[in-house]
Amino acid sequence: MNRETLNFCDQLNINVVEVAHGIAQDASKYLEYAIDSVVARVAPDGFINSQLLETNQHAVHSLAWIATYVEVLLRTSDWADCLDRENRLGDLDQSMLVVIFGEYLQQLKNGIPMNQVETARPVDLGLESRVAECLSSNDIAQLENISANPDFRLAAVQQLSEREFESPIMGDETLDLVREQFRRFADEKITPHAQTWHDKNDLVPLDLIQELGEMGVFGLTLPEEWGGSSLGKLTMCVVSEELSRGYIGVGSLGTRSEIAGELIASSGTHDQKNQFLPGIASGEILPTVAFTEPDFGSDLAHLKTRAELVTRSSGDSVWRIFGAKTWITHAVRADLMTLLVRTEPEERGYKGLSILLAEKLRGNEKHLFPSEGMSGSEIEVLGYRGMREYEIGFNGFEVPAGNLLGDAPGQGFKQMAQAMESGRIQTAARSVGVARNALELGLRYAIDRRQFGKSILNFPRVYGKLLLMAAETIAAREVTYFSAREKDSGRRCDLEAGMAKLLAARVAWSNADAAMQIHGGNGFALEYSISRVLCDARVLSIFEGASEIQATVIARNLVNSRL
Amino acid sequence: MQKIMVALKRVLDYNVRVRIKSDGTGVTTDGAKMSINPFDEIALEEALRIKEREKGVEVLVISIGDLVCQQQLRTGLAMGADRAVLVQTDQILEPLTVAKVLKVLVDQESPELVMLGKQAIDGDNNQTGQMLAALWGRPQATFASELLIKGEQALVTREVDAGLETIEVDLPAVVTTDLRLNEPRYVRLPEIMKAKKKPLDIISLDELGVEAISQFQVVLTESPPERQKGVIVKDIGELLGLLRKKGLV
Ligand SMILES: Cc1cc2nc3c(=O)[nH]c(=O)nc-3n(C[C@H](O)[C@H](O)[C@H](O)COP(=O)(O)OP(=O)(O)OC[C@H]3O[C@@H](n4cnc5c(N)ncnc54)[C@H](O)[C@@H]3O)c2cc1C
């Protein structure tokens, strides 16, 4: 361990890493009780009763948040343990562990803010007595006391202001090299332009997209035989995080390739892989995801856009599309839509859905959607610009019959589920990038801004924000990386990916909001980057599964593990 | 031109805020980010550009240090070098020993060009390239800001106090690089994967038959004094008065 600066835990002679490990185990027990409580409420007969699931939604979602917090305790104690074993655990790392444990344990006991207006409390699950049993040990009290100690906090923020601007090191040669390259790329080619792109609602320049393609961003996780790099989801997280730290509009380019690539690589026919994957990997084919409809967002299973198989006079068969999609990101520039449509009209639920690999012509400012049978318009938005969002109408737009994903009608929803798991991990990583951007902007401003004769960083209410922002950024990152590692080792990880996305999106938003507060009036000026980051951060808990939907998925998963 | 040898030193990343050990024996590197010395990275970039212009050139990267230096060599391979050699030692070597090691490798490898940074950003010695040229008995061109290979010669523009000076040296030669020579490329993800399969040989310092000699000793490492707060003066008169009081004019 590094003992160069004031180290509280050493002075008190406690091994934080060990203590944290023990506490995380106790908290896991608390989670088991929480699951019991929800099982009793929503599955009294041994299966989930949808009506009860909905009536008890607050309790059910409280469970999702408790599980997410316990996951944070487990993952951050593992993280510190790993640093310690490799002799890399620094003072700042230890302080961050203390802050996250101190704060999250208090919240577990007294109420977790699911957002600013809804709190998940022990009473919601009837867990008051379990708090005393699992969350009231001496070790917990000791960490909470250190975390609340003003001298500790002052020392911690000192370490933070010295080290925060450095890249996190993972101790893996490849990952550290990848991070370094993309951090430099973002610092040199993205950050200096992000504010202008946002202000002018510019599309990310095509030559930048080409350069990212050459660097291998779009084929990152695709197999080498299809022009990819066969790198894992963890590498994808590092790249997405660093690019999003520069600008979410750039960090999100890869989301579409990741989803389309995963859909085709895992469900496509050999011909479909051959036709699309190399182009997606190189960035020549820009894909977009077309799922959402004006009347069906969270409730995708009931969507109505339909595809009819018809034989043209020339003899070949095509799908003709009728209906509407909305919120389709980067749609004008996209060459390929992964289009979720109803091909089996007699099936009204998810069983009637299929995915079409629908090629379209690129549009321009004058002709947004030049393809036959397709029209649409831009949706003006607060943030998350750079690719732009569109509403699209289909009136007889044609897709060759052979472009039905995997040649498998009615499998669309299933095929989508796996790709969305990757999409959620990627979105969690983007959120971590945005959270870091906000943290760095807030910290920099707090150091530079002087009031009452000193840097405002010296005021406890200013550095108190920054300490938790930094600690939660690590928490979100470690939960995200864990879900990526699970996926890389071939396990399903919808639970972990869901928790990562849920938490990281909240952290990105709270970091941006707190960083804006630290900026005072200047934060509200369009000229300051934090005003953009705030708008960008807000969308993360809305798309790729709104937080409320995410919480249901997590809780369902936990309850099902018991049935 | 058939072979270029580039030396890469592992140093504390230039972005890291350097922290002095409390006992003054040096700086802490525990857990801190380490990188290729930026001047060496520029040397490698230039070597790779030559390789891309003239077909059939092999670029060999060398590092000297403990096993962790493989990380910087892998980075070099991912940038585009063909082969790497690590001379393994736990000792901190002084420039003369480093130059001797490079000389042994030069004898083994017979490159037409050896490129390295004008200095490393940790020790700021600015000696190794010059010493190597002397040991090797070949020309040196230091502080290069432009490099052109013309058959058996290299045309090198150097950044010197008076401005830019262009000299012609016969190959084989040693070239040390300055900051403005080029901007190193970004490493591409597919290249990172390819680099894992490129050869990286490890030889110990003893095997090379070079003995590490110590000619100086670090007595104390300390932070530079904190910058004093400035004062704003009304006019030249007041400025001169203050300077006089401090005995500076
Ligand atoms: C900037 C941006 C880009 C997007 N890009 C794309 C894209 O490229 N492709 C694409 O297909 N889609 C895209 N979307 C759409 C996005 O996925 C949807 O907005 C999201 O799925 C939510 O659907 P909705 O907007 O219809 O909200 P609704 O489903 O109408 O939800 C409204 C609110 O009600 C809550 N709610 C709904 N149902 C329940 C329930 N059962 N229990 C509790 N709460 C509930 C939601 O959580 C939410 O808070 C994008 C959206 C945005 C904002």
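Domain bounds here come from an automatic or database domain assignment. With that assignment, chain A splits into domain 1 (8–163), domain 2 (169–283 + 413–453 + 478–545) and domain 3 (288–410). Taken over C-alpha atoms, the centres of domain 1 and domain 3 of chain A are 43 Å apart.

A quick word on what you're looking at: this is a predicted model, where local features need pLDDT of at least 70, side-chain atom pairs count only at pLDDT 80 or more, and totals for chains, interfaces and linings use all residues. Residues are numbered from 1 along each chain as its sequence is written, while chains are lettered from A and ligands numbered from 1 in the order in which they are written.

Now for the ligand. It is surrounded by 19 residues (C-beta atom, placed from the backbone, within 6 Å of it), and the closest are A:Phe291, A:Gly297, A:Ser298, A:Ala546 and A:Glu548. Domain 2 and domain 3 of chain A each put at least three residues into this shell. As for secondary structure (DSSP runs numbered from the N terminus: helices are H or I, at least four residues; strands are E, at least two), β3 (287–290), β5 (317–329) and α19 (547–560) of chain A each give the shell at least two residues.

Next, the interface: 23 residues of chain A are in contact with 20 residues of chain B (C-beta atoms, placed from the backbone, within 7 Å). On the chain A side, α9 (173–199) and α10 (206–215) each supply at least two residues, and α9(A) gives the most, with 7 residues.

Here's how the two sets of residues break down by class (nonpolar: Ala, Val, Leu, Ile, Met, Phe, Trp, Tyr, Cys and Pro; charged: Asp, Glu, Lys and Arg; polar: the others, Gly among them).

| Set | Nonpolar | Polar | Charged |
|---|---|---|---|
| Side of chain A that touches chain B | 7 residues | 9 residues | 7 residues |
| Shell around the ligand | 12 residues | 5 residues | 2 residues |

Chain B itself has 7 helices and 11 strands, and its C-alpha trace spans about 65 × 45 × 40 Å along its principal axes. Of its 249 residues, 37% are buried (20 or more other C-beta atoms within 10 Å of their own, C-beta atoms being placed from the backbone).

Finally, the largest nonpolar core (buried Ala, Val, Leu, Ile, Met, Phe, Trp, Tyr and Cys residues joined through C-beta atoms within 7 Å) has 239 residues. Among those touching the most other members are A:Leu63 and B:Val6. Leaving aside residues up to four places away in sequence, A:Leu63 touches A:Ala34, A:Ile35, A:Val38, A:Leu125, A:Ala555 and A:Leu558.

Notes: Two residues are in contact if their C-beta atoms, placed from the backbone, lie within 7 Å. A residue is buried if 20 or more other C-beta atoms lie within 10 Å of its own, exposed if 12 or fewer, and partly exposed in between; C-beta atoms are placed from the backbone.
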